[in-house]
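Here are my notes from going through this model with you in mind. Have the structure open beside you and take the points in order.

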Amino acid sequence: MRILFITATRLGDAVLSTGLLAYLHQRWPDARFTIACGPVAAGLFSAFPGLERTIVMEKRPYDQHWFDLWKACVPLKWDITVDLRGSAVTFLLRSGRRFIMRGGRRTGARITHLGSVLGLSPPPLPTVWISPADRAKAQQIIPDTSPIIAFGPTANWTGKIWPTERYLPLWQRLYAAYPQIRPAIFYGPGEQEAALARPVLAALPQAIDAGGHFSLTQVAAMLARCRLYIGNDSGLMHLAAAAGTPTLGLFGPSRASEYAPSGKNARWIAAPGPEGEAPIAGLDVADIATAALSLLKETGI
């Protein structure tokens, strides 16, 4: 049995789709899966147990990347095709059943929209597949000696970034309550991400540098070893929640009603004001610290 799963270009959306993928694998454990996604998200599926092939869709002029995907898939007969991009590609393939999520933005939680593609309510929570090698690497970076509090100070646009100079006073409040903790700073590859993380690393010299050059599954394994993740609305936030880490997402002006972290111990806090307009700088250190300490008390440390 062959299943084609077309998922997102952006990391956060791809992470949110993993619950559907896990459901399909549980339903058809012997199926062979081909996963089509953007280059940023491709590594997310490297340890997925049903994976036969990953097709990385590099954006090309005039939407030629969709033609490339069709060429890669048309020689095969598919039992099921799931298209979360709302494209026409699956209609041009030999397929038994088709499940297509219409494109465009709409109100309501993204994860709910994803679940509705397969008629699942409540929608399955995101997950992440981690290899033994990833777990071994994570143990080298995130030690067992202290409870680790992870910070994610980056995002894909500046409007979603909580002021980096506030991480020091936030850390001081957390440390006053739990002096045994140690910080870790997570960020993605590239100079832009490194530049956003650098001030926080400088302000917290005892912090573990957990960013820049790790694979997505290594990052997930590292996050799974942390007691709490606090960070902006981003792919890393969704990855932390999927890894099972107690997660506190910071929102403003991005919409928590659409992209709140989804996980057993996932929470969020938004800047005061109308959703979609309130600047994230309106989020106060004291309010975030209160929410973080409450989550730590709830989940244990």
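1. Which helices each supply at least two residues of the lining of the largest pocket? Go looking for helix 1 (11–27), helix 3 (110–117), helix 6 (191–203), helix 7 (216–224), helix 8 (235–242) and helix 9 (256–259). Helix 8 gives the largest share, with four residues. Keep in mind as you look that this is a predicted model.

2. Now the pocket itself. Its volume is about 1,400 Å³, and 50 residues line it. If you want to find the middle, click on Arg 10, Leu 11, Gly 12, Asn 156 and Gly 235, which are the lining residues closest to the centre. The lining is a mixed bag by class: 18 residues are nonpolar, 20 are polar and twelve are charged.

3. Next, the sheet with strand 6 in it. Six strands make up this open sheet, in the order 8-7-6-9-10-11, and they pair in parallel. The edges are strand 8 (208–209) and strand 11 (266–270), each of which pairs on one side only. As a reminder, strands of a sheet pair through backbone hydrogen bonds, and the pairing can be parallel or antiparallel.

4. For a close-up of that sheet, try strand 6 (residues 148–152) and strand 7 (residues 182–185), which are parallel and share four bridges. To line them up on screen, pick Phe 151 and look across to Ile 185 in strand 7, which stands opposite.

5. Strand 4 (residues 78–83) deserves a look too. It is largely enclosed by the rest of the structure, because five of its six residues are buried. What does it pair with? Strand 1 (residues 2–6) runs parallel to strand 4 and is joined to it by four bridges; Ile 6, for instance, has Asp 83 as its bridge partner in strand 4. Strand 5 (residues 95–100) is also parallel to strand 4, this time through five bridges, and Ile 80 is partnered with Arg 97 in strand 5.

6. Is Thr 34 buried or exposed? This residue sits in strand 2 (residues 32–37), and its relative accessibility is just 2%, so Thr 34 counts as buried. Leaving out residues up to four places away in sequence, Thr 34 touches Ile 3, Leu 4, Phe 5, Glu 52, Arg 53, Ile 55 and Trp 78. Try showing those side chains together on screen.

7. Don't hunt for disulfides: a search of the whole structure turns up zero. Why does Cys 37 not make one? The closest cysteine sulfur, in Cys 73, is 12 Å from the sulfur of Cys 37, and that is too far for a bond. Cys 37 is also buried, with a relative accessibility of 0%. Cys 226 counts as buried as well, because its relative accessibility is 5%.

8. Last, a residue on the outside. Arg 102 is found in the loop between strand 5 and helix 3. It counts as exposed because its relative accessibility is 55%, and the cut-off is over 50%. Although Arg 102 and Arg 85 are 17 residues apart along the chain, their C-alpha atoms are separated by 7.1 Å. Try picking both to see how the chain brings them there.

Technical notes
Residues numbered from 1 in each chain as written. Predicted model: local features only at pLDDT ≥ 70, side-chain atom pairs only at ≥ 80, totals over all residues. Heavy atoms only, no water. 1 Å grid on protein atoms, 1.4 Å probe; cavity = no way out; pocket = protein on both sides within 12 Å on 5 of 7 lines; lining within 4 Å. Points joined across faces, edges and corners; volume = space filled by probe spheres on them. Nonpolar A, V, L, I, M, F, W, Y, C, P; charged D, E, K, R; others polar. Buried < 20%, exposed > 50% of the residue type's maximum accessible area, 1.4 Å probe, protein only. Contact = heavy atoms within 4.5 Å. Pairing = 2+ DSSP bridges. Disulfide = S-S within 2.5 Å.
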